[in-house]
Structure formats: structure tokens, C-alpha cells
Amino acid sequence: MAELMTRDGTWTFDGEAVRIVPGSERGVHRLRQELGEHTVPLEAVAGIFYEPARKGGRLRLRLRDGADPLLQATGGRLPDDASPYHLAVEADRAGVAEYLVGEVRRALTLEEIPEGPCHRYLLPGPAVPLSAAGVDGTATFDGERVEIAWRWNTNEHKKHAGPQEFAIGDLEAVEWRPPVGLDSGFLRFRPHGVKPHGKPEHDPHAIELWGFKKESGRTALLASAVTAHLPHPKAPARRPGAAPSGPAAEPRAAAPAEDHDTLLRRLRELGELRRDGILTEGEFATAKASVLERFHGA
């Protein structure tokens with residue numbers, strides 16, 4: 001068990017998952033507080049890093065591509081202070097941060113978690129029903145339908161189009177962009193076969209966004225909730241007559257696909273982890289035996 005407690009939040013690793021609890025102080029970003037406590041399974045993790053700085057540092061958890069609907073919906077556009085996978089660390093907690101990094105990395109090595117993309121979401125989206133307001137409208141999602149209601153100040157084109165409603169099956173995708181400088185951001189819903197309008201202020205399928213902390217953060221959560229209910233963009237296509245895929249665990253990389261150079265590199269990495277004291281002799285022997293078995297079968 002490794003636990004890091006800071007003013008920014010608490011991360012706990014039990015060997016199987018990283019539990020993230022945001023801090024409750026005023027400086028903690030509103031998006032993280034509204035997202036609340038959540039758990040990242042080890043199989044969703046691609047890496048973990050601690051970046052030391054003069055006055056503390058930052059802990060970063062990198063997830064596998066396609067593992068999290070929040071990252072899928074926001075496309076890596078969340079600022080550091082809004083991301084639940086970044087944690088500000090005080091200088092006197094640096095040693096604990098480095099210990100947690102070592103524990104997670106050791107588990108990734110022992111479990112041989114692949115870094116490649118996922119074909120299903122390994123984290124759930126935010127709980128629904130969920131509502132989020134932008135500059136000119138409010139969107140609501142109940143898990144089955146999305147509804148958009150316009151505010152008094154919306155564009156005449158949107159007023160003429162009237163309130164919008166989509167069943168989840170009607171949607172091809174949801175897009176979220178934060179405002180940048182003088183350019184507005186947007187939360188846009190894309191029905192199948194419908195090309196998006198140009199600017200979000202004229203698009204009846206989009207809510208315009210200004211600012212970030214008060215508005216855009218909650219709209220990012222709503223985009224994540226809708227994304228989690230849509231088909232995964234990298235899910236394998238179903239063959240006619242094939243049974244639908246269930247919640248089975250993400251398949252590991254097949255051993256025959258690994259060449260000898262890859263397995264030799266894995267052995268060198270294991271040796272370095274043992275040398276640095278991250279792996280015990282018993283853990284090293286177990287991991288080495290597994291690699292050698294795959295080596296002889298490759």
C-alpha cells in the first residue's frame with residue numbers, strides 16, 4: 001500500500017488500482033472536485049512520473065489511449081490544474097511521491113500491462129443524470145437522451161431551431177473544446193450523417209463556452225458521460241451474426257507477436273529494477289521465469 005496525501009488531493013495505490021481523491025481546499029479546480037473520488041485500475045495505466053521542481057513538484061499519471069471517456073471527450077485539452085491525473089506535490093512530500101511511482105511501476109512490470117490503446121473504456125463516465133450550462137444554453141443527459149434548452153441570450157438561428165433532443169443512438173460523437181483567448185469553446189453533439197455548422201454560436205447542436213472554471217469544467221464532465229455511453233471509437237467491428245462483446249477483460253498482447261529483442265529488453269528492464277531495489281529477489285525470479293517461458297515459445 002502506498003499513499004500520498006497533499007493539499008491538492010490524495011492518491012492511494014493498493015497493487016491493483018490507483019484511488020484518486022481531490023483536495024477540498026479553495027485552490028483545487030472545480031472540475032476535479034465535481035468529478036470526485038474515482039479509481040483507476042492498473043490495466044488502464046500506461047505510466048506514472050514525478051517531476052521535481054524548486055518548490056515541490058508534480059505527479060502525473062498517464063493512461064492508455066482510449067481507457068478513460070473523460071480524456072477521450074476532452075482530447076488532452078484539460079489544463080494541468082483541471083486534470084484529475086495531475087497532482088501538485090509539496091517539497092516535503094517528494095520522497096513519498098517517488099515511492100508511489102516506484103510501486104506503480106513495479107506493478108506495471110510484474111503484471112505486464114501493455115501501453116497500447118484500449119478497445120473499450122476501462123473507467124466509467126460520470127454519474128448521470130447530469131446537467132451543464134454554457135453561455136447560451138444548458139445540456140442535460142440522463143443516460144439515454146440529451147436535451148438542450150436555450151437561454152434568453154442565444155443566437156436567433158438557435159432560437160429558430162428550438163430546443164434540441166437526441167437519443168444516445170442518434171449520436172455519432174460529442175465534441176468538447178475549451179475557450180482559448182478570445183475564441184469561444186463549445187460542447188457539440190454530432191448526430192449521425194449531420195455535418196457540424198461552422199461557429200458554435202450558430203450551431204443548434206452546440207453550446208457556446210466562455211471561461212473555464214465556472215462553465216467549461218462541468219460541460220467536460222457531461223461530454224465524458226455521453227462519450228462513455230457511445231460505442232468505443234477503437235472497438236473492433238462486429239462481424240455479421242457475431243455475438244456482442246461483453247465486459248471481458250482487455251486482452252493482453254499475444255506472446256507469439258513478441259520478438260526476441262522485445263523479450264531481451266524486458267529481461268534487461270527487470271534486472272535494472274532488481275538492481276535499483278524496486279523488485280525483490282522473489283519478484284524478480286517470478287517475472288524472469290514468465291519472460292523466459294515466452295522467450296522459448298516465441
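Is Phe166 buried or exposed? In this model, which is a predicted one, Phe166 is buried, with a relative accessible area of 5%. I shall begin with this residue and its aromatic partner, then turn to the strands at the start of the chain, and close with a sheet and its helix.

The structure holds one aromatic pair. The ring centres of Phe166 and Phe189 lie 6.2 Å apart and the planes stand at 35°, so the pair is classed as tilted. For that label, the angle between planes has to be neither under 30 degrees nor over 60. Along the chain, 23 residues separate the two partners, and the pair links distant parts of it. Phe166 belongs to strand 11, residues 164-167, whereas Phe189 belongs to strand 13, residues 185-191. Phe189 is likewise buried, and its relative accessible area is 1%. A further ring deserves mention here: Arg188 lies over the face of Phe186, 4.4 Å from the ring centre.

I now move to the beginning of the chain, with strand 2 as the point of reference. Strand 2 covers residues 9-13, and five of its five residues are buried. This holds for both faces: Gly9, Trp11 and Phe13 are buried on one side, and Thr10 and Thr12 on the other.

Which strands pair with strand 2? One partner is strand 1, residues 2-6, which runs antiparallel to strand 2 and is joined to it by five bridges. A hairpin of two residues connects strand 1 to strand 2. Another partner is strand 3, residues 17-22, again antiparallel and again over five bridges. The hairpin between strand 2 and strand 3 has three residues between the strands, and Gly15 in that turn shows a positive phi of about 100°. Trp11 provides a convenient register for both pairings: Leu4 stands opposite Trp11, and Trp11 stands opposite Ile20 in strand 3.

Let me stay in strand 2 for one more residue, Thr12. Thr12 has a relative accessibility of 8% and therefore counts as buried, the cut-off being under 20%. What does Thr12 touch, its neighbours within four places in sequence aside? The contacts of Thr12 are Met1, Ala2, Glu3, Ala17, Val18 and Arg19. With Glu3, the side chain of Thr12 makes a polar contact of 3.1 Å. As for Ala2, its C-alpha atom is 5.7 Å from that of Thr12, although the two residues are 10 apart along the chain.

My last topic is an open sheet of three strands, in the order 5-6-7, with antiparallel pairing. Strand 5, residues 45-53, and strand 7, residues 86-89, each have a single partner strand and stand at the edges, so one side of each has no neighbour in the sheet. From one strand to the next, the twist averages 15°. Strand 6, residues 56-63, pairs with strand 5 in the antiparallel sense over eight bridges. Within this pairing, Ala53 stands opposite Gly56 in strand 6. Helix 3, residues 94-111, packs on the sheet and touches strand 5, strand 6 and strand 7. The direction of helix 3 makes about 160° with that of strand 5.

To return to the opening question, Phe166 is buried, and so is Phe189, its partner in the tilted pair.

Methods
Residues are numbered from 1 along each chain as its sequence is written. This is a predicted model: local features need pLDDT of at least 70, side-chain atom pairs count only at pLDDT 80 or more; totals for chains, interfaces and linings use all residues. Side-chain values use heavy atoms; hydrogens and water are left out. Two strands pair if DSSP finds at least two bridges between them. Helices (H or I, at least four residues) and strands (E, at least two) are DSSP runs, numbered from the N terminus. Axes are lines fitted to C-alpha atoms, for helices over the stretch in contact, and angles run from 0 to 180 degrees between N-to-C directions. Contact means heavy atoms within 4.5 Å. Rings of Phe, Tyr and Trp (its six-membered ring) pair if their centres lie within 6.5 Å; planes under 30 degrees apart count as stacked, over 60 as edge-to-face and the rest as tilted. Buried means under 20% relative accessible area, exposed over 50%, partly exposed in between (1.4 Å probe, protein chains only). A charge sits over a ring if NZ of Lys or CZ of Arg is within 6 Å of the ring centre and within 35 degrees of the ring normal. A polar contact is a pair of N or O atoms within 3.5 Å; within protein, one must be able to donate a hydrogen and the other to accept it, and residues adjacent in sequence count only if both atoms are side-chain atoms.
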